[in-house]
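Here are a few exercises to work through with the sequence and the 3D view side by side. Try each task on your own before you read its solution.

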Amino acid sequence: MLNDTSFAIHPGKEIRGSERDMYDAGKILSFAHDGNRFLARCENGEFAVTFYADEIVRLQMNPFGETEKKHSQAVVLEPEGLPFSVTETGQTVVLSSGKIRVEIGKDPLRVNIYDGENRPLFTEGKKGMGFKAGGEVVMFKEMGKDEFFYGFGEKTGYLNKRGEILTMWNSDVYAPHNPETDPLYQSIPFFIAFDRGFARGLFFDNPGKTVFDLQSDPDHLSITAESGSIDYYVFAGPTMKDVLAQYTALTGRMPLPPKWAIGYHQSRYSYESEEEVRRLVEIFKEKGIPLDVVHLDIHYMRGFRVFTFDRSRFPDPKKLVADLKKEGVHVVPIVDPGVKEDPEYPVFQEGIRKDLFCKYLDGTIFYGDVWPGNSAFPDFTDERVRKWWGEKHQFYIDLGIEGIWNDMNEPAVFNETKTMDVKVMHANDGDPKTHRELHNMYGFFMGKATYEGLKERLKGKRPFLLTRSGYAGIQRYSAVWTGDNRSFWEHLQMSLPMVMNLGLSGIPFAGADVGGFAHHANGELLARWTQAGSFMPFFRNHSALGTLRQEPWAFGEKYEKIIKKYIELRYRLLPQWYTLFEEAHRKGTPVMRPLVMEYPDDENTYSLFDQFMVGDNVIVAPIMQPAQTVRSVYLPEGNWIHYFTGETFEGGKYHLVEAPLEQMPIFVKQGTMIAHGEVKRNTKEKDESLTLHYYYGPDTRYEFALYDDDGESFAYQDGEYFRKSIRISADPEAVYLEVKEEGNYRPDWKELKLAVHNGKEGLKIYLNGKALQQNSDGTYRLY
Ligand code: MIG
């Protein structure tokens, strides 16, 4: 409350992780192990090690009681009962899976973890684990002097988090989103430590308040949790992609979203009537600007009651949804967790009668003030409540709705603490815990309830869910947007590292409100923001009540043309996007990537935050300052082709690149390929023809993939998909394509063309050993 006065720097405020007053776990008194688990009793608590997979190990230390075998619902992987060896010496006990070696010092308990090649994954050095008198648990890990840190979910600031103190406590922060504003809406207590190309990960699975301190001690980071015990997983890497594959094997991966969700979304707080929504969609059509989704913010509801439509504003929502769907546009309404306390409101009645709301230990319901006024909050930590909430979505399903937007699910409450009373008790599927202990999972459980409820009712169609709040594993249910940013250039700048770090935290489907939510946008800002946003996984223009309108045409024709061009580019590249989404779904590799992920041996990429990659071969360098028409772009080794001019740029150095307002610098790596479909009104329209653009470079090799399926069902899980893999190699005379296809699905397109850029006279193209004839337009027919 007093954080914006000098009270914020009250003497004696201590948030740093320090050893001061810490009680160390002490020495090991006895230990034992069965096939699966190693258990040690220490002077101050119990310590356990469980191998979850060859490259994943779980470590626990509970100073206050026993360590539980059970894991949180963030985790979906069950330990396989991996055999591990146990070797005891005088000072240590060493556990090894072959890929991970845990070296446990006995007096005092100290844990150093190495990989199969004896490289340190995480070591404690002199500092270990313990607890404080206030009940906090603390642990330390050494930081190498050349180490960089990425991930940590949704954080402001730069890409590399070394030197920061990061708090995990899901919070509704309307303003400001400054470099030091922390925490925000999401808590993903996971990070990647990266040392000159060697990556490994750590997930601290504690949904209470945790603090990661990478600042106070230059040689150690500390993790402090206000409640609960120490419970963490180590991932052995050795590459960033490996770490993410391992982390998402543990916490789950993004389901493949419906194709329409990868298109362009238009939103406003709020489109307030059926008429306004129809008119909006009409204008998109008239202007020929592609559009897949319109979001309905809180004004669609009757007095902000969830599972209702205000019939004075929206007289016939079913017809509206159906008519729009005919045009290929999906409607996504907002759903908040707060249920209005109104004895005449059936949802509230049911919640009371069936005992579904969050309560104190003594049985009284927790009420908080949100949009509808005094409200009760479903206890999503309980399966019974999640099922009920899922069933309630039949209301939207009956209207033809296939996507939901969850907001305010930190949960946000209009009071001094901004959230639910931490003393509230959650049922937590038979293991009751306080809100203080589970706070960061409230939005996660709401997402679980919503996604599973929708999926069950959509009869085989893929649901789309967007959420503001979440915890590790939220990617299994939802896309994430970064909340209430502002129409500031600084917030456009910030969105790059923020969305990249979300991707590095297992959440590939993320984006920031394009144009900025609060404050007033202007034409130049919106144009530049749309350019950048069109290359981010979740692509939605959204703006707040009382701000200037922000639709693509809001600032006149000059800007509209540019904005339209980039939305069109999104659609042209959709086959590429979809292929990358499928890769993220299957492996956990993010769609939007920092350069360091693809060029881990290039030190120039380690802190690079103002440009990014889409997939492994496209670099995007947005303009993020007013009146700027030239910027510096770093290009790693190899040659890079300017997407718009075709000019070749030599890699391994910085370039000053021209960027007039209508042009965002985009580069494709020489020797690689990207797929183009056709510009469409939306994803309902199918591609007739696809073109694979190959950027010729002698003596290059590349593995290209093109993925497709019906874009809306789960049939791809039963082999109804299409994957074309092309192994490309080029020498000074020719390009050799070796093509393989798998899956039973036949895409809609009738022809597949190959366009060769920067080729030279007489260059030959071979497809599976056969020379191809050039078409009159210079392309080659591949299919
Ligand atoms: O600010 O529902 O972040 O996207 O438009 C209060 C109204 C609540 C916050 C969300 C924003 C949404 C708004 N909501």
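**Exercise 1.** Which residues of α10 are buried?

*Solution.* Keep in mind as you go that this is a predicted model. Start by finding helix α10, which covers residues 523-533. Next, go along the helix and pick out the residues with under 20% relative accessible area, the cut-off for buried. You should end up with Gly523, Leu525, Leu526, Ala527, Arg528, Trp529, Thr530, Gln531, Ala532 and Gly533. That makes 10 of the 11 residues, so α10 is largely enclosed by the rest of the structure.

Now ask what does the enclosing. The buried residues of α10 pack against two helices, α9 (489-503) and α11 (557-572), and against the strands β34 (540-541) and β36 (612-614).

Finally, look at the N-terminal end of α10, where Asn522 acts as a cap. One of its side-chain oxygens sits 3.2 Å from the backbone nitrogen of Glu524.

**Exercise 2.** Find Thr450 and work out which residues it touches, not counting those up to four places away in sequence.

*Solution.* First, locate helix α8, residues 442-457, where Thr450 is found. Then check its accessibility: the relative accessible area is 0%, so Thr450 counts as buried. Last, list its partners beyond the sequence neighbours: Trp389, His393, Ile404, Asn406 and Leu465.

**Exercise 3.** Describe how the ligand is held in view of its surrounding residues.

*Solution.* Begin with the shell: 13 residues surround the ligand, and the closest are Asp297, Trp371, Asp407, Asp484 and His542. Sort the shell by type and you get eight nonpolar residues, one polar and four charged.

Then go through the polar contacts one at a time:

- Asp297 has a side-chain N or O atom 2.4 Å from an oxygen atom of the ligand.
- Asp484 places a polar side-chain atom 2.5 Å from a ligand oxygen.
- Asp407 has a polar side-chain atom 2.7 Å from a ligand nitrogen.

To finish, consider coverage: on its own the ligand has 340 Å² of accessible area, and the protein covers 94% of that.

**Exercise 4.** Is Arg278 buried, partly exposed or exposed, and which residues beyond its sequence neighbours is it in contact with?

*Solution.* Look in helix α2, residues 274-287, to find Arg278. Its relative accessible area is 27%, so Arg278 is partly exposed. Leave aside the neighbours within four places in sequence, and the contacts are Lys319, Leu320 and Asp323. For a sense of distance, take Val321: it is 43 residues from Arg278 along the chain, and their C-alpha atoms are 9.9 Å apart.

Terms used. Residues numbered from 1 in each chain as written. Predicted model: local features only at pLDDT ≥ 70, side-chain atom pairs only at ≥ 80, totals over all residues. Heavy atoms only, no water. Buried < 20%, exposed > 50% of the residue type's maximum accessible area, 1.4 Å probe, protein only. Helix = DSSP H or I, 4+ residues; strand = E, 2+ residues; numbered from the N terminus. Contact = heavy atoms within 4.5 Å. Polar contact = N/O pair within 3.5 Å; in protein donor to acceptor, adjacent residues only side chain to side chain. Near = heavy atom within 4 Å. Areas by Shrake-Rupley, 256 points an atom, 1.4 Å probe, with all protein chains shown as cover. Nonpolar A, V, L, I, M, F, W, Y, C, P; charged D, E, K, R; others polar.
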